[in-house]
Amino acid sequence: MFGRRACVGGIFWLGALLALVAARPCTAQVDLLNQAQVEPGDLGEVGVRVEGVGLNNAARPGEWAGIRVRLVERGDTPREVIVRASFTDLDGDPANYEAVTTTNPSNEQPIWLYARMPFDVGSSAGFRVTVFLGEEDPSGASPVGFQPGRLLGQTTYNWPQSMPSAETGMLGVVGINPGGLSGYGQGSNQVGNPLGHEWTQVVQLRPDGIPDRWMGLAMLRELVWNGVSPSELRIEQVRALREWVERGGHLIIALPDVGQEWFAVTNQELSSMLPAVVVTRQEGEPLPSLRTLVTDEDAAKLEVPETPTTVHTFEPRADAGPGEADCILNDAQGRCIVASRSVGIGAVTLIGLPVTNRWLASRGLPEADVFWHRVLGRRGQIATEAEFNEMRTDSKGNFDPQRRTLFRYDEDIPQEIAKSGRSLAGVMLGLVVFVIYWLVAGPGGFALLKRRGWQRHAWLGFFGASIVFTALAWTGASLLRPHRVEITHLSFLDHVYGQRIQRVKSWASVLVPVYGDATVSLESDDAAAGGSRFVQCVAPWEPARSANTVLTQGTFPDARSYAIDARAPQTMTFPARATVKQVQLDWAGGVAWDSIRPVVGEGQDPFTAIKLAQGNAVLSGKLIHGLPGTLKDVRIIVFRGQTPMLGSPSRGALISSLYAWSLSSWDWDPGVALDLEAQTPAGEAVKEVRTFADLLTGVGVGGEPRPQERMKRLEWAAFFNLLDPPPPDYKTSSTNFSGPVRALREYTHGLDLSRWSTRPCLVVIATLETEGEASMPEPVRVATNGSERKPYENGTTIVRWVYPLAPAPPRVAKPDTGATRPGNDSGPAPEGGS
């Protein structure tokens, strides 16, 4: 009997212990405020309509997106209202993205809300948008300055059937004519890009569909403006465009044949982004003179009519500074027709080629893999439907893109920020204590009492053992319970030399050791970049793989809603339960960390301190850094320039001459100079990178882009759009179900640096391990129950630094004779670098 009682008691104490150190409830309860409903048949005092989500109703799961709402005030007087879009986070708590606006009686009032889309949008029915009367908030706890009063109206938005997946790339086009960009849309969500990797959805927009905050454009890396006037843009939209570019976006403007409104705008924020060039309008240019730039088809297959067209050429202004007027492409006559300007982490590019010409557009020209690859920094073959059918015929029906092996480059991010060590220790302690307790209070203790003839004291022994092991369990739980705020993070820090802006994207697990409320906020540290104009973003985050199940399992029974400012989400206050909260942080501002820089001699120009060298080295010059720790796994990548445009098919080859070196055996300490001449040798011992898989330094499989090491995958995700495509003639069969690798990404779409392959530059990628207070690259603040806390931060920062080299546009063959004008003849380069 004593043993049975001990077992029952042991199970009780084990359960109590696990509850103290590791337990988590698992049923959900809906917040009462979110249960508010408009009575059936009642349209409400304010009409609510969701006009669209994302860009042209396309929103990628896991990414920030805009929600365009229209309100109709049915009352007689204007009033302050709170507009709310509600989503459920990983813990089962409703995250309410809120904004305040003033209604306009009898008129539609548009407003943009911004929210991070959860990964389960494809499986959930939709979300609700509600409107509450705004009441003064004397406590100041509301992030929007008002607290919700009575419910005025609501609607439910149901997700469309054709939603992008988290693995879908997106390319924006403003204008009716896609200008040859529709070729990037080959494939589908299900099979990806049959001749590349991820599928790219080409989203066509109108100027009035441009959001008024950068978060609404976050799902794009490139936005091509095809011949449409910018005069319709409001100042809020211009600022959103500028911040999106400064955070890494690439705005490409195709100049129209007539009217140069881009250079006539009086908006300083827009005009100051444009390349500092003089534009010359060249009329009467025959279309055949542009053949090499727009197609690689043989002249016998595609006869170009002698139709005159208009071309714009660019020359740097006299006052143009470094990086403000870089020529990317010339025409066959040696005139610059694509010019670019670095703006923060991103760029603005002007195109003088008539990409919206009716004859070219009717034939899908310029071809994406001939012209647009060299503007955007992409690779891979673009095939027409007829060419796909020909591939299927040649492979006897065995061309099956669905049989390719999927490989996700960024799937390790959830593991990088996981905080499971303390919970595991608590579980193990509970098991050990239970086993010892069972032995002492059960058969072991009973045997000892029986040997001494004290069986009659069994109850006393059981009670004493319970007291002792309760004290042990309580003490162990107290020791294991955290007493400080801890943040485990994975961050990407980007900086382009010469720009006064750094961009940081982080995923973090925040361990909050208290119950109540906790606040995570990002400070603006951007005085060097123009004041507090950057909109910082904090949002709840969840891993993509568990998104379909986690919201119905593992949630808390005391679900509580919390509000986030839907237009300025730099602060997030959420329910704290002495556990971990996972967040996504997007920050941009001045140079928060002293990054990598060239060593400059007296009187030397820092923008020419690093140069392409001749002879035994690829680069000359020295680098130094002031980062708060030692850089490890240093990689040096050099893009020497684009390969010549000779009019022959590229078949998915790299459009750049590329060299790379790995310094994995050398740790780079702060203040120590890195001699590039010594670290970038050329010659027979070093091989030029001819396929991008060579960059993976032996960790690929059969030349496929499949690195086996976790950090290498995250490092090389920087050049995702340059990964080797599958062989154009690959086949699958009934005996070979595993086709070539199809590389995918779910979290790092906005971190691609492939654009830099279009011009000469030096890229340094390294990892930095830091721990301690204020050791994250962005300024993060944490408070619990209103009290400021100094979090202990530890994690990995992937540092990516770019140094632009002198522009060197490639030479272009004349389509009539095959002759060429002077230009960069960098590729294919002679034997040299890897």
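**Helix α2 and its salt bridges**

Tutor: Helix α2 is followed by G248, whose phi is positive, near 120 degrees. Please keep in mind, as we go on, that this is a predicted model.

Student: How do you know that the reach of helix α2 is close to the expected one?

Tutor: Helix α2, residues 235–246, has 12 residues, and the expected span is 1.5 Å times one less than the number of residues. That gives an expected 16 Å, and the helix reaches 16 Å from its first C-alpha to its last, so the two are close.

Student: What makes α2 a mostly covered helix?

Tutor: Of its 12 residues, 9 are buried, a word that requires under 20% relative accessible area. Among them are Q237, V238, L241 and W244, and the elements that cover the buried residues include β10 (222–226), β11 (250–254), α4 (268–271), β15 (336–343) and β16 (346–351).

Student: Why is the pair E246 and R242 called a salt bridge?

Tutor: The cut-off is a side-chain nitrogen of Lys or Arg within 4 Å of a carboxyl oxygen of Asp or Glu. Between the side chains of E246 and R242 the N to O distance is 3.3 Å, and therefore the pair qualifies. Both residues lie in helix α2, 4 residues apart, which is about one turn of the helix.

Student: Why are E246 and R242 called buried or exposed?

Tutor: E246 has a relative accessible area of 2% and R242 has 16%; buried means under 20%, so both residues are buried.

Student: How do you know that E167 and R408 form a salt bridge, and where in the chain do they lie?

Tutor: Their closest N and O atoms are 2.6 Å apart, and this falls within the 4 Å limit, so the pair counts. The salt bridge links distant parts of the chain, with E167 in the loop between β7 (146–158) and β8 (169–174) and R408 in strand β17 (residues 404–408), 241 residues apart. E167, at 18% relative accessible area, and R408, at 17%, are both under 20% and therefore buried.

Student: What makes D594 and R597 partly exposed, and what links their side chains?

Tutor: The relative accessible area is 41% for D594 and 33% for R597; since partly exposed lies between 20% and 50%, both residues take that label. Their side chains meet in a salt bridge, with 3.3 Å from N to O.

Student: How many salt bridges does a search of the whole structure find?

Tutor: The search finds 44, and R49, E51, R68, R70 and E108 are linked in a network of salt bridges.

Key. Residues are numbered from 1 along each chain as its sequence is written. This is a predicted model: local features need pLDDT of at least 70, side-chain atom pairs count only at pLDDT 80 or more; totals for chains, interfaces and linings use all residues. Side-chain values use heavy atoms; hydrogens and water are left out. Buried means under 20% relative accessible area, exposed over 50%, partly exposed in between (1.4 Å probe, protein chains only). Contact means heavy atoms within 4.5 Å.
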